[in-house]
Amino acid sequence: MKEIKNRVIGYLKGKQQGPTLVFFGGIHGNEPSGCEAIQKVFQKIAEESLSLTGAIYGIRGNIPAQLQGKRFLEKDLNRMWTEDQIKDILNKEATKLGEEERQLSEIYGVLVQILSEEAPPYYFIDFHTTSSKTLPFITINDALINRKFSFLFPVPTILGMEEYLQGPLLSYINTLGYLSLGFESGQHTEEEAVLNSIAFLWLALVFSGVLAKDEVKGFSNYYLQLQNSASNNRSFYEIIYRHSIAPNDEFKMAPGFNSFEKIAKGQVIAKEKQGEVRTPRAGRIFMPLYQKQGEDGFFLIKKIPSLALTLSSFLRGIRMDALLTILPGITWESKKNGVLLVNVKTARFFTKPFFHLFGYRNRVLDKERILMTNRERTAKTSMYTNTPWFKKAPFKTPGIGF
């Protein structure tokens, strides 16, 4: 592979002020499709002198890992974006930084520069691929600005990743209040993954208002590319289980499983040195691991009814969560940051789906206490309220005629 020199894949700015879109590719070094798609789309925009409103950036992720075709070299760069880790890395001497720590420090510097120099509203999109065959899909932290923008795209959307993973890049950006989503375009080495990423890029540029739809030749074809690749599935799903693994577990996924495939309770789907791995409940398998590096053996997901999405949107709109602390066992850990402290023994009657309606996702502290974090309270929603997509009725299919 030829040497990669530049962190910034591309930067284009229109004559008129407008939104700022930031696309990330290669945060995992064995996932090249995003970088390739960004390069091709940015090049086409420049060659055809398309009229941009606002600015767009393409940012390269883990450069050393990309050069070696590995997910990461020392640490998973997409598990390091917590406030404590970022602070520790920024306070380290440059000569003492590890490979991924240096990558984080450089990407962080680019982010700070973009946010200080470019105009809002800001959109952050991170391109990924999976080791298994899959429909293309979106992953988001559960804030309404993320939900509404995600539903413009004709692919399924997955909620709840933040309950199971600590330190993804987009989760950090969400804590800053900005719209962010991940797009998983397909299997690592498939050409379709590149085509899906290209299609997603064009749609994002139009939906955000950076490009007029008429400027994008073949817009309908890009939409249909994603729609067909996703088998007309634009449902919302929620993660209900994660099977975590360690290197010494000797985890090996059984062959032939694809994301979104239905799975029965008790089904044998993998092996570890301690024996067979069976599914704890029925659902749909999600991102089964077919590569050596990684800490997630597989996930299970379930479909979210549209009624639940509509109800939660209404409850969040009227800030109903402000009343939660009158319930037994629930207190504010940080009202400003939207963090509740839940005593499991006292509040045992209130289940996770109950808190999900109000936008809260949990992180277990110990056997008695759970922290529940609300993305709505930190989201800079007012930044997006005047956009055409935000004003649309929630969860009604926009179609190609957007």
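# Notebook: hollows, core and salt bridges

**Entry 1: the largest cavity.** I began with the empty space inside, and the largest cavity holds about 460 Å³ of it. The model I am reading is a predicted one. I then asked which residues sit closest to the centre of this cavity. They are Arg79, Met161, Leu165, Glu184 and Met287, out of 35 residues in the lining. Next I looked up where the lining comes from: strand E4 (122–130), strand E5 (137–140), H6, strand E7 (179–187) and strand E14 (296–303) each give at least two residues. I sorted the lining by residue type and got 10 nonpolar, 17 polar and 8 charged. I also noted the count of cavities of 30 Å³ or more, which is 2.

**Entry 2: the largest pocket.** Then I turned to the largest pocket, with about 860 Å³ of space. Its lining has 26 residues, and Glu83, Thr175, Arg363, Thr373 and Arg375 lie nearest the centre. Two or more lining residues come from each of helix H3 (83–91), helix H6 (169–175), strand E15 (330–334), strand E17 (360–364), strand E18 (369–374) and helix H11 (375–378). I wrote down the mix for this pocket as 7 nonpolar, 12 polar and 7 charged residues.

**Entry 3: Ser33.** I picked a single residue to follow, Ser33 in helix H1 (residues 33–47). Is Ser33 buried or exposed? Ser33 counts as buried because its relative accessibility is 3%, and the cut-off for buried is under 20%. I set aside the neighbours within four places in sequence and listed what Ser33 touches: Thr129, Ser185, His188, Ala193, Val194 and Ser197.

**Entry 4: the nonpolar core.** How many residues does the largest nonpolar core have? I found 78, with Phe23, Phe24, Phe153, Trp202 and Leu205 making the most contacts inside the core. Helix H7 (residues 191–207) supplies the largest share of this core, 11 residues. I took a look at Phe153 too. Beyond its neighbours within four places in sequence, Phe153 is in contact with Ile138, Phe200, Leu203, Ala204, Phe207 and Arg234.

**Entry 5: salt bridges.** The structure has 22 salt bridges, and I looked up three of them.

- Arg71 pairs with Asp76, and their closest N and O atoms are 3.1 Å apart. Arg71 is buried at 9% relative accessibility, and Asp76 is buried with a relative accessible area of 9%.
- Arg102 pairs with Glu106, with 3.3 Å between the closest N and O atoms. The two are 4 residues apart in helix H4 (residues 99–117), so about one helical turn separates them. Arg102 is partly exposed at 34%, and Glu106 is partly exposed at 35%.
- Lys352 pairs with Glu163, where the closest N and O atoms are 3.9 Å apart. Lys352 is in helix H10 (residues 352–357) and Glu163 is in the loop between strand E6 (157–159) and H6, so this pair ties together parts that are 189 residues apart in sequence. I found Lys352 partly exposed, with a relative accessible area of 36%, whereas Glu163 is buried, at 13%.

**Entry 6: a network.** Which residues are joined into one network by salt bridges that share partners? I listed Asp142, Arg147, Glu163, Glu238, Arg316, Lys352, Arg361 and Glu376.

Definitions and conventions: Residues are numbered from 1 along each chain as its sequence is written. This is a predicted model: local features need pLDDT of at least 70, side-chain atom pairs count only at pLDDT 80 or more; totals for chains, interfaces and linings use all residues. Side-chain values use heavy atoms; hydrogens and water are left out. On a 1 Å grid over the protein atoms alone, a cavity is a set of points where a 1.4 Å probe fits but cannot get out, and a pocket is an open set with protein on both sides within 12 Å along at least five of seven lines; lining residues have an atom within 4 Å of a point. Grid points are joined across faces, edges and corners, and a volume is the space filled by probe spheres set on the points. Ala, Val, Leu, Ile, Met, Phe, Trp, Tyr, Cys and Pro count as nonpolar, Asp, Glu, Lys and Arg as charged, and the others, Gly among them, as polar. Buried means under 20% relative accessible area, exposed over 50%, partly exposed in between (1.4 Å probe, protein chains only). Contact means heavy atoms within 4.5 Å. A nonpolar core is a set of buried Ala, Val, Leu, Ile, Met, Phe, Trp, Tyr and Cys residues joined through side-chain atoms within 4.5 Å. A salt bridge is a side-chain nitrogen of Lys or Arg within 4 Å of a carboxyl oxygen of Asp or Glu.
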